[in-house]
Amino acid sequence: MKHRKRFLKDQRILLALVILLIVAVVSIINPRFIAVKNLITIFQQISVIGILTMAMSMLLIGGGIDLSIGNIMVLSGVVMARVLGDGGSVMTAVALGVLVGIACGLLNGAVIAKSKCIPLIITLGTSQVFYGLALTISGGRIMSFGGAFNAIGKTRLFDVFPVMLFVLIFMVAVSYVLMNRTRFGRRIVAIGGNEKNAFLSGIHVIKYKILIYGIAGFFCSVAAIIFSARIDSITANAGAGYETSALTAAIIGGVTFDGGKGTISGAFLGCVLMGVISNAMNILQVETYIQTIITGGIIVSAVVLSNINNMKKK
């Protein structure tokens with residue numbers, strides 16, 4: 001009986017059931033939704049936000065948050081586009097783009113860890129800095145990648161599965177292993193659960209905080225590569241809203257603002273649920289403004305659900 005209750009309370013089980021229910025209902029209304037091609041399209045559509053959700057989830061579990069991940073992704077992408085536009089090789093562009101992503105993440109981590117200021121406020125500020133840098137480098141223009149990442153965007157294994165789908169799965173797997181199978185992950189969870197106790201137990205809190213933000217920055221640079229593979233162009237404002245979507249997906253997946261709680265698998269399912277809902281609304285031809293209302297409702301519901309335990313305590 002206890003096992004059954006735990007099973008029903010598992011956020012991941014509930015998410016999986018909700019996803020299956022939505023798929024079943026929408027498929028009855030429009031059978032095209034269940035087609036393999038459309039299901040693959042859903043995962044293509046969440047490839048970028050899925051990687052960013054992994055970054056956001058690791059930060060939230062560690063007691064942090066980063067509202068600049070969208071602009072870190074864009075800055076990394078703009079740098080890659082600039083290098084390619086100036087005649088640089090793809091490898092050079094990728095290397096510099098990744099370095100920019102990691103550097104931005106480390107900067108966030110260092111300021112937050114050293115100043116002990118609220119991560120939300122710090123990253124809100126650095127987000128504007130990164131956006132300004134992207135504007136400066138791009139000159140406010142649309143920048144093209146010249147098909148440099150077509151191998152990722154257009155290649156399909158067995159003529160069915162796009163390469164970017166495997167990149168997404170790989171990054172989710174890396175996140176899972178990092179947070180669940182390494183000493184680093186266990187220490188990040190400990191810091192998120194109770195930073196003071198983590199410090200007293202001998203964990204170098206500042207170092208690990210900086211490192212997890214640096215890793216999140218790396219994930220943003222990978223997301224930039226996938227973004228460029230899908231769109232083949234980028235603008236300075238292309239990252240708007242990605243941080244909100246990543247945060248929403250993580251919270252829907254059971255990751256909370258409290259720190260030390262939540263799972264990578266749950267966050268990924270939260271991202272899948274958002275992708276399924278978005279695709280279902282498009283398939284059912286729901287008006288754009290109605291989609292915006294529904295998306296806003298999902299965000300509010302997700303935040304309320306994440307805080308439900310605190311509500312019960314009071």
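Before we start, one term: helices here are DSSP runs of H or I with at least four residues, numbered from the N terminus. That is how I will use the label α13. And please remember that this is a predicted model.

Let's go straight to that helix. Helix α13 covers residues 242-252. Just after α13 sits Gly-254, and Gly-254 takes a positive phi of about 100°. The helix itself is mostly covered, with eight of its 11 residues buried. Which ones? In α13 the buried residues are Glu-243, Ala-246, Leu-247, Thr-248, Ala-249, Ala-250, Ile-251 and Ile-252.

Now look at Glu-243, in helix α13. What does this buried acid have for a charged partner? Glu-243 has no salt bridge. The nearest side chain of opposite charge belongs to Arg-230, and that is 16 Å away. So what is around it? Set aside the neighbours within four places in sequence, and Glu-243 is in contact with Met-56, Asp-66, Leu-67, Ile-69 and Gly-70. Note that Asp-66 is on that list.

Next, the surface. Val-36, Leu-157, Phe-158, Val-160, Phe-161, Phe-166 and Ile-169 make a nonpolar patch of about 660 Å². Take Ile-169 from that patch. Ile-169 lies in helix α9, residues 163-180. Ile-169 counts as partly exposed because its relative accessibility is 46%, and partly exposed runs between the 20% and 50% limits.

One loop residue. Gly-87 is in the loop between α5 (69-85) and α6 (90-115). Is Gly-87 buried or exposed? Exposed, because its relative accessible area is 63%, and the cut-off is over 50%. Now pair Gly-87 with Val-25. They are 62 residues apart along the chain, and their C-alpha atoms are separated by 51 Å.

Finally, the whole chain. The secondary structure comes to 16 helices and four strands. The C-alpha atoms fill a box of roughly 65 × 55 × 35 Å along the principal axes. The radius of gyration is 20 Å, which agrees with the value near 20 Å for a compact globule of 314 residues. Of the 314 residues, 45% count as buried. For contacts with a separation of 6 or more, residues 24 or more positions apart account for 77%. The chain exposes about 15600 Å², and carbon and sulfur atoms supply 66% of it.

To close, back to α13: a mostly covered helix, with a buried Glu-243 that has no salt bridge.

Note on methods
Residues are numbered from 1 along each chain as its sequence is written. This is a predicted model: local features need pLDDT of at least 70, side-chain atom pairs count only at pLDDT 80 or more; totals for chains, interfaces and linings use all residues. Side-chain values use heavy atoms; hydrogens and water are left out. Patches are made of residues with over 30% relative accessible area and no salt bridge: like charges are joined within 9 Å, nonpolar side chains (Val, Leu, Ile, Met, Phe, Trp, Tyr) within 5 Å. Accessible areas come from the Shrake-Rupley method with a 1.4 Å probe; for residues, only the protein chains shown count as cover. A salt bridge is a side-chain nitrogen of Lys or Arg within 4 Å of a carboxyl oxygen of Asp or Glu. Helices (H or I, at least four residues) and strands (E, at least two) are DSSP runs, numbered from the N terminus. Buried means under 20% relative accessible area, exposed over 50%, partly exposed in between (1.4 Å probe, protein chains only). The radius of gyration is taken over C-alpha atoms; the globule rule is 2.2 Å times the number of residues to the power 0.38. Contact means heavy atoms within 4.5 Å. Lys and Arg count as positive and Asp and Glu as negative; His and the chain ends are not counted.
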